[in-house]
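Reader: Hey, got a minute to walk me through this fold? I'd like the sheet, the helices on it and the odd backbone spots.

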Amino acid sequence: MMTVTIYHNPRCTKSRETLARLKDQGIEPKVELYLDNPPDVKTLKQLLKKLGLKPEQLVRKKDHKALGLPVATTDAEWIAQMAANPKIIERPIVVVGSQARLGRPPESVDEILP
């Protein structure tokens with residue numbers, strides 16, 4: 001069976017709902033507490049490719065602004081900011097094989113589940 005991974009923030013309602021949805025479907029995902037163990041640049045690039053998103057699309061703008069971070073002008077700058085400040089990464093991210101989806105809304109992850 002293919003591994004299902006969730007990049008999870010237990011304080012986030014959508015993240016908790018997505019994790020519960022996975023478990024309700026009999027899936028015990030690998031839980032990555034990304035705030036405690038931030039993804040590095042390489043991992044972020046892999047996640048973006050699987051999500052089919054540009055780096056800026058994975059940034060939580062409200063948190064970015066609250067942290068007082070400068071607006072990035074390149075993909076590399078956005079990725080570097082996410083690696084250094086994982087709080088700005090949109091969540092939750094569910095990964096199954098070569099695909100990933102944001103759990104916003106939580107049911108959006110259903111299309112990639114085994």
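What follows is a short chat about the sheet, the packing and a few backbone details.

Reader: What kind of model is it, and what are the ground rules?

Author: This is a predicted model, where local features need pLDDT of at least 70, side-chain atom pairs count only at pLDDT 80 or more, and totals for chains, interfaces and linings use all residues. Residues are numbered from 1 along each chain as its sequence is written, and side-chain values use heavy atoms, with hydrogens and water left out.

Reader: Ok, sheet then. What's the strand order?

Author: S2-S1-S3-S4, an open sheet of 4 strands with mixed pairing. S2 and S4 are the edge strands, each pairing on one side only. On average, neighbouring strands are turned by 20° against each other, direction ignored. Strands here are DSSP E runs of at least two residues, helices are H or I runs of at least four, and both are numbered from the N terminus. Two strands pair if DSSP finds at least two bridges between them.

Reader: Which pairings are parallel or antiparallel?

Author: S1 and S2 (residues 30-33) pair in the parallel sense over 4 bridges, with Thr5 opposite Lys30. S1 and S3 run antiparallel, joined by 4 bridges, and Tyr7 has Ile93 as its bridge partner in S3. S3 and S4 are antiparallel too, over 4 bridges; there Val94 stands opposite Arg101 and Val95 opposite Ala100.

Reader: How is S1 connected to S2?

Author: Through helix H1 (residues 13-24): S1, H1 and S2 make a right-handed β-α-β unit. Right-handed means that, with the strands pointing away from the viewer, the path from the first strand over the helix to the second runs clockwise. H1 lies across S1, S2 and S3, at about 160° to S1. For angles like that, axes are lines fitted to C-alpha atoms, for helices over the stretch in contact, and the values run from 0 to 180 degrees between N-to-C directions.

Reader: Is S1 buried or exposed?

Author: Mostly covered, with 5 of its 5 residues buried. Val4, Ile6 and His8 are on one side, Thr5 and Tyr7 on the other. Buried is under 20% relative accessible area, exposed is over 50%, and partly exposed is in between (1.4 Å probe, protein chains only).

Reader: And S4, which side chains point where?

Author: They alternate: Ala100 and Leu102 point to one face and are buried, while Gln99 and Arg101 point to the other and are not.

Reader: Switching to H2. Which residues are buried there?

Author: In H2 (residues 41-51), they are Leu44, Leu47, Leu48 and Leu51. They sit on the same side of H2 because they cover an arc of only 100° around the axis, the arc being that of the directions from the helix axis to the C-beta atoms. The face turned away from that side carries the exposed Lys42 and Lys49.

Reader: What do those leucines pack against?

Author: The buried residues of H2 pack against S1 (4-8), helix H4 (75-84), S3 (93-96) and S4 (99-102). Contact means heavy atoms within 4.5 Å.

Reader: So what's in the largest nonpolar core?

Author: 19 residues, and those with the most contacts inside it are Tyr7, Leu51, Leu58, Met82, Ile89, Ile93 and Val95. H2, H4, S3 and S4 each give two or more residues, and H2 gives the most, with 4. Apart from it lies another core, of 10 residues, among them Val4, Leu19, Val94 and Ile112. A core here is a set of buried Ala, Val, Leu, Ile, Met, Phe, Trp, Tyr and Cys residues joined through side-chain atoms within 4.5 Å.

Reader: There's a glutamate in S2. Is Glu32 buried or exposed?

Author: Glu32 is buried, with a relative accessible area of 16%. Not counting residues up to four places away in sequence, Glu32 touches Thr5, Ile6, Tyr7, His8 and Asn37.

Reader: Last thing: where are the odd backbone spots?

Author: Most residues other than glycine have a negative phi, and most peptide bonds are trans. Gly52, just after H2, takes a positive phi of about 75°. Gly97, in the hairpin of S3 and S4 with 2 residues between the strands, takes one near 60°.

Reader: Which peptide bonds are cis?

Author: Arg91 to Pro92 is cis, with omega near -10°, and Pro92 is in the loop between H4 and S3. Arg104 to Pro105 is cis as well, with omega near 0°; Pro105 is in the segment after S4.
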